Amino acid sequence: MDQHGPYLREMGLTRWRFGSQSTDRTKFPSNKEQHFRDGSLKANLGNLAVLAREADGCRRCGLHRTRGKVVFGSGSAAARWMFVGEAPGAEEDKQGLPFVGRAGVLLGAMLNSIRLSRDDVYIANVLKCRPPNNRDPFGQEVRECAPFLHRQIDLVQPEIIVAMGRFAAQVLLDSDQNLVQLRGRPHNFGETSAPLVVTYHPAYLLRSPAAKSKTWEDLLLARSLLT
Ligand code: URA
């Protein structure tokens, strides 16, 4: 067991084996280093900030009337990994940050279980504003909001996208297949063709801890797709 043991236990995992790939290569190697050097990272950071300001003033759907804070996204603009959830909950709406409630604590453990931290990845949701009482997003809300997510993906240029839950998976893959049909195999995201892996939403894992081992498999699959 190493220092990641506690996180793996939080994930409900008591037996594990890491592959031979060195940990640090999953963070900022090769083309992301280039990204740093050629100044495009700085430009992308600026563009993400501009986009975040645009989202802050957004009134494209009715959610602007009930939201507390817009939850744009968080993490590194140089991240190789991007994790996408559904929509902010109550705590996220208060803080303006994604995955800071109970599901966020578990997401942190999921990241730590593959030796990543929140700072190594970029985290965003399909919807940037909280639907009242955490109801399912309406189609019109998704249509108005999804362009923000698409632009975030264009700017961060993740090398692997992890869609958490049926909703994010269906939106990102433009599919109506259910989670069981979508998980367990690699997909590609739209025009960027970035590899995409579907896994369970951390909020679901809080209710159904038995699915944590499948989530672990999904994270290993995602890691194996990084070159
Ligand atoms: N659930 C989500 O899908 N996103 C969050 O930010 C929090 C909970």
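# Close-up views of a predicted model

**Figure 1. The loop between β3 and α7 is where N134 sits.** What you see here, as in every panel, is a predicted model. N134 isn't a glycine, yet its phi is positive, about 55 degrees. With a relative accessible area of 45%, N134 comes out as partly exposed. D136 belongs to the loop between β3 (121–125) and α7 as well. Is D136 buried or exposed? D136 is exposed, since its relative accessible area is 53%. Follow D136 across to A87: the two are 49 residues apart in sequence, but their C-alpha atoms are 8.9 Å apart in space.

**Figure 2. Here's the ligand with the residues around it: G85, E86, A87, E92, P98, F99, N125 and H201.** Which atoms of A87, F99 and N125 come into play? For A87 the polar atom belongs to the backbone, and it is 3.0 Å from a nitrogen atom of the ligand. F99 also uses its backbone, with an N or O atom 2.9 Å from an oxygen atom of the ligand. N125 brings in its side chain instead, where an N or O atom is 2.8 Å from a nitrogen atom of the ligand. Taken alone, the ligand would expose 240 Å², and the protein buries 91% of that.

**Figure 3. Zoom in on F99, a residue other than glycine with a positive phi, near 50 degrees.** Look for F99 in the loop between α5 (90–95) and α6 (102–113). Loop or not, F99 counts as buried, because its relative accessibility is 5%. F99 also turns up in the ligand view, as one of the residues around the ligand.

**Figure 4. Six strands make an open sheet, running β1-β3-β2-β4-β6-β5.** The pairing in this sheet is mixed. Which strands are at the edges? That would be β1 (74–75) and β5, each of which pairs on one side only. β5 pairs with β6 in the antiparallel sense, over three bridges. To find your way in, start from N188 and its bridge partner in β6, P195.

**Figure 5. Helix α8 (residues 166–173) is mostly covered, with six of its eight residues buried.** Which residues of α8 are buried? They are F167, A168, A169, Q170, L172 and L173. When you look along a helix, remember that an α-helix has 3.6 residues a turn, so residues three or four places apart point the same way. The buried residues of α8 have plenty of packing partners, strands and helices alike: β2 (81–85), β4 (160–164), β5 (187–189) and β6 (194–199), plus α7 (139–156) and α9 (179–182). Right after α8 comes D174, with a positive phi near 50 degrees.

**Figure 6. D218, in helix α11 (residues 212–224), is shown with its contacts.** Is D218 buried or exposed? Buried, because its relative accessible area is just 2%. For an acidic side chain in that setting, the obvious thing to look for is a polar contact, and D218 makes one with the side chain of T199, at 2.6 Å. Leaving aside neighbours within four places in sequence, D218 is in contact with R183, G184, V197, V198, T199 and Y200.

**Figure 7. Three cysteines, C58, C129 and C145, appear here without a disulfide, as the protein has zero disulfides in total.** Take C58: its nearest cysteine sulfur is that of C145, 6.4 Å away. For C129, the closest cysteine sulfur is again in C145, and at 6.2 Å it is too far for a bond. A disulfide would need the two sulfur atoms within 2.5 Å. Both C58 and C129 are buried, because their relative accessible areas are 16% and 9%.

**Figure 8. Zooming back out, the whole protein has eleven helices and six strands.** How much of it is buried? Of the 227 residues, 52% count as buried. The protein exposes about 10800 Å², and carbon and sulfur atoms supply 48% of that area. As for contacts with a separation of 6 or more, 75% are between residues 24 or more positions apart.

Notes. Residues numbered from 1 in each chain as written. Predicted model: local features only at pLDDT ≥ 70, side-chain atom pairs only at ≥ 80, totals over all residues. Heavy atoms only, no water. Buried < 20%, exposed > 50% of the residue type's maximum accessible area, 1.4 Å probe, protein only. Helix = DSSP H or I, 4+ residues; strand = E, 2+ residues; numbered from the N terminus. Contact = heavy atoms within 4.5 Å. Near = heavy atom within 4 Å. Polar contact = N/O pair within 3.5 Å; in protein donor to acceptor, adjacent residues only side chain to side chain. Areas by Shrake-Rupley, 256 points an atom, 1.4 Å probe, with all protein chains shown as cover. Pairing = 2+ DSSP bridges.
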